Amino acid sequence: MRIGIVTHAYYPHFGGVTENVAATSRALRRLGHRVTVITAGSPGAPPEPDVVRIGGQCMVPWNGASVNFTYGRDLRARLGAIYRERRLDLVHIHCPLAPMLPLAAL
């Protein structure tokens with residue numbers, strides 16, 4: 001199965017969502033699935049073959065932590081193109097009501 005995981009938080013930034021996405025994608029790959037992580041662009045992030053980065057990322061301090069927000073033009077159109085190009089069977093969206101990337105993924 002071809003699975004897409006859309007997340008506003010991913011490496012090089014650490015946190016609960018990042019660790020969950022990384023662990024879930026590793027486990028799904030071990031089961032034989034093809035997993036694509038779709039996340040925000042992040043300067044300095046090393047290229048990874050199954051990680052697609054779109055838009056930019058802004059870290060907003062909130063409640064003693066930092067919250068990731070993805071911004072960019074045409075996020076919804078770019079997501080649609082990735083879904084079609086990768087021929088995804090299933091899309092898992094982390095924090096689907098978070099502004100910008102996860103909300104656009106719906």
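Here is a short briefing on the fold, the packing and one surface patch of this protein chain. The model is predicted, so please read every value below as computed from it. The protein chain holds three helices and six strands, and a nonpolar patch of three leucines, Leu97, Leu103 and Leu106, sits on its surface.

**Fold and overall shape**

- Following the sequence, you will meet the elements in the pattern β-α-β-β-β-β-α-β-α.
- The radius of gyration of the protein chain is 13 Å, close to the 13 Å that the globule rule gives for 106 residues, so the chain is as compact as a globular protein of that length.
- Along the principal axes, the C-alpha trace spans about 40 × 30 × 25 Å.

**Packing and surface**

- Of the 106 residues in the protein chain, 39% are buried.
- Taking contacts between residues at least 6 apart in sequence, 56% link residues at least 24 apart.
- The protein chain exposes about 6200 Å², and carbon and sulfur atoms supply 59% of that area.

**The leucine patch**

- Leu97, Leu103 and Leu106 together offer about 360 Å² of accessible area in their nonpolar surface patch.
- One of these residues, leucine 103, belongs to helix H3, which covers residues 101-105.
- Leucine 103 counts as partly exposed because its relative accessibility is 43%, and that class lies between the cut-offs of under 20% for buried and over 50% for exposed.

Notes
Residues numbered from 1 in each chain as written. Predicted model: local features only at pLDDT ≥ 70, side-chain atom pairs only at ≥ 80, totals over all residues. Heavy atoms only, no water. Patch = residues over 30% accessible without salt bridge, like charges linked within 9 Å, V, L, I, M, F, W, Y side chains within 5 Å. Areas by Shrake-Rupley, 256 points an atom, 1.4 Å probe, with all protein chains shown as cover. Salt bridge = Lys/Arg side-chain N within 4 Å of Asp/Glu carboxyl O. Helix = DSSP H or I, 4+ residues; strand = E, 2+ residues; numbered from the N terminus. Buried < 20%, exposed > 50% of the residue type's maximum accessible area, 1.4 Å probe, protein only. Rg over C-alpha atoms; globule rule 2.2 N^0.38 Å. Contact = heavy atoms within 4.5 Å.
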